[in-house]
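User: I'd like to learn how to read sheets and the helices packed on them. Can you walk me through it with an example?

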Amino acid sequence: MITKIAWRNLWRNKRRTITSISSIFFAVILAILMRSLQEGSYGQMIDTAARFYMGYAQVHQKGFWEDKSINNLMTDSQETRNKILSDKNIKGAFGRLETYAMAATDTLTKGVMIVGTEPEGEDQLSHLSQKVTKGQYLTSDSKDIIIGEGLANYLGITVNDTLALLGQGYHGASAAELYRIQGVLKHPNPQMNNQVIYMALPTVQYFVTAPNMINAYILDVHDNRKVDQTVSELKGKLDLDNYEVMSWSELSPEMVTLINTDREGGKIMIYILYVVIAFGIFSTILMMTIEREREFGILTAVGMVRRKIYSMLLQEALFIGLIGVVTSILVGFPVLLYMENHPILIEGAKGEAMAKMGMEPILRFTASIDIIWPQALLMALIMIVCTIYPIIHVARIKTVEAIHS
Amino acid sequence: MIEIKNLVKTYNADTIPVKALDHVDLKIEEGEFTAVVGPSGCGKTTFLNILGGLDTPTDGTILIDGTDLHNRSSADMITYRRDHIGFVFQDYSLMPVLTAEENVEFIMELQGRPKAERAARSKELLAAVGIGDKGKQFPTKLSGGQQQRVAVARALASKPKLILADEPTANLDSKSTSDLLDIMRQLNEKENITFVIATHDQRVMDRAKRVIQFDDGKIIDTKI
Ligand SMILES: Nc1ncnc2c1ncn2[C@@H]1O[C@H](COP(=O)(O)OP(=O)(O)OP(=O)(O)O)[C@@H](O)[C@H]1O
Ligand SMILES: [Mg+2]
């Protein structure tokens, strides 16, 4: 019956209750949208980083990440590939062999990064072929190379020119070869744009005298939110004495830090918003309490212990919070689901700038329960905190004085 | 039986002490129907508050069936009031969000009585005070007289032996007053419930079995 009384009490001053509920409603909607946009943008950042180059996860020879030496290669085996591909979140996997070398023309030399890769897999992950501005993208048996635009400009060479590469091969072998340039690409990462050379995997394996060897499997996934789970599943499948499996977050801890910092910033904004509305709610609850002093006096006179009055006040507050939160979730979650599937396109100069940086020019949203339940919890907490003082106030009410007030 | 011994209540408002009750001695037998009367400010409400355990005396004791009423913790006092004393206040003392029936049931719910018993007894009590047909009405839809009848029904809900009423007829017209008094007298006679009623109302005094006259915190006269 106390619950019934609490519920009915809410509607004694409909306008005030609805005002409180709406303030919660709008705050939670705003918080949900903001967090969704944040998480969406992190997903986008991760995607961009993964698709730039890194992949969502990588498998290496054990110890490679600690010591990225040309001598720390592993044999590319179909068995390992099959194990990786058997995970249902894995969309694709391909091998890469990276090494460093000196590139020389008649007049200039420059240190370069050579990426031996599987052109098809690489294209599926990073759409590399679309970044080729001159000439042709690689095929799996290309003997020729494509180079970053910045590098091409620096060395003053272009398609069909020849470039000499000089480096260190596997286990001390020397590596020196002449290559024809079959394409120039504009790599979205400026640093790579100035130093990258892509080759087909067999071509680089021949260059460093390491046939059938690679230093990493680059993994693409269906759902980037499940990468950690996928990584731990792969760890169960692969022999960890020989392999290491790393997710993007381990491959790029700086990005994790960046995301966490930004996420905390967003949460602080939400806390500030909540504190503001908490004041409004507090004053409403306090008013609801003070104007009923006489009623509380009569209730204690006729035998209602104070504990039950406190419980009634708390239930009133929680009802307000609950209605606010539930309505905002009922409205907000479908909006998030819609927005997740219909991201906002950024047009004009801003969009172009984003595209130039290699990002998709869109605002992405994420619809996730993980965004919503903390808001519900926070609101419940706020309602409880806002009721503490009113409860103290009721505890101090003197029955006789209240009745005769 | 209620024995009031040497009851003193002093208010210390603004450093000038006010003796609202000044050495009151009184015995109230079970089944009495007593009116407490006297000029405004003579201490009637103070007396009822202390007798009902809503307030504590400055000095003196009240023994109800031999035990000291005020010798309890404040939480115990609340449950004691719930189970043993019924209150009727001057006005607007019902829970506005509860119907007449629910107002009566509420006390029994506080006592932890089963639902079926609560529903049956609240209907019975409302019928006994003559508004059996108004059970589903909210207090705002009832006249002052009807509200006071609900208040009496509520006061009876926990089957107390003592009902204290402070100016219960102050806001009622003469028809409602006489109806309410009929009901209270009936309950007094049939159920042997003790009534103590603070009042200015001549009509109440006329129907009381005993009239206790206060002045300036003292009993100056008792009529039977
Ligand atoms: N809380 C209080 N603080 C200080 N003085 C009080 C308080 N309550 C009552 N008094 C004083 O005690 C005296 C008795 O008051 P009480 O209310 O008992 O009178 P009453 O007989 O009920 O009067 P009325 O007929 O007007 O209701 C009065 O002088 C009053 O001013
Ligand atoms: Mg009075």
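Analyst: Let's start with a helix on strands, bearing in mind that this is a predicted model. Helix H1 of chain B, residues 44–51, lies across E1, E2 and E4 of chain B. Against E1(B), which spans 2–11, the helix runs at about 120 degrees.

User: In what order do the strands of the E2-E1-E4-E5 sheet pair, parallel or antiparallel?

Analyst: The general idea first: strands in a sheet pair through backbone hydrogen bonds, in either a parallel or an antiparallel way. Here, the four strands make an open sheet of chain B with antiparallel pairing. Its edge strands are E2 (18–28) and E5 (67–68) of chain B, each pairing on one side only.

User: How many bridges join E4(B) to E5(B)?

Analyst: Two bridges, between E5(B) and residues 59–64 of E4(B). Across that pairing, Thr67(B) in E5(B) sits opposite Ile64(B).

User: And which strands make up the mixed sheet?

Analyst: Six of them, in the order E6-E7-E8-E3-E9-E10 of chain B, again forming an open sheet. E6 (85–88) and E10 (218–223) of chain B each have a single partner strand, so one side of each has no neighbour in the sheet. On average, neighbouring strands here are turned by 20 degrees against each other, ignoring direction.

User: What does the E6(B) edge look like close up, and which helix lies across it?

Analyst: E6(B) pairs in parallel with E7(B), residues 162–166, over four bridges. Phe87(B) stands opposite Leu164(B) of E7(B). Helix H5 (144–156) of chain B lies across both E6 and E7 of chain B, at about 170 degrees to E6(B).

Key: Residues numbered from 1 in each chain as written. Chains lettered and ligands numbered in written order. Predicted model: local features only at pLDDT ≥ 70, side-chain atom pairs only at ≥ 80, totals over all residues. Heavy atoms only, no water. Pairing = 2+ DSSP bridges. Axes fitted to C-alpha atoms, helices over the stretch in contact; angles between N-to-C directions. Contact = heavy atoms within 4.5 Å.
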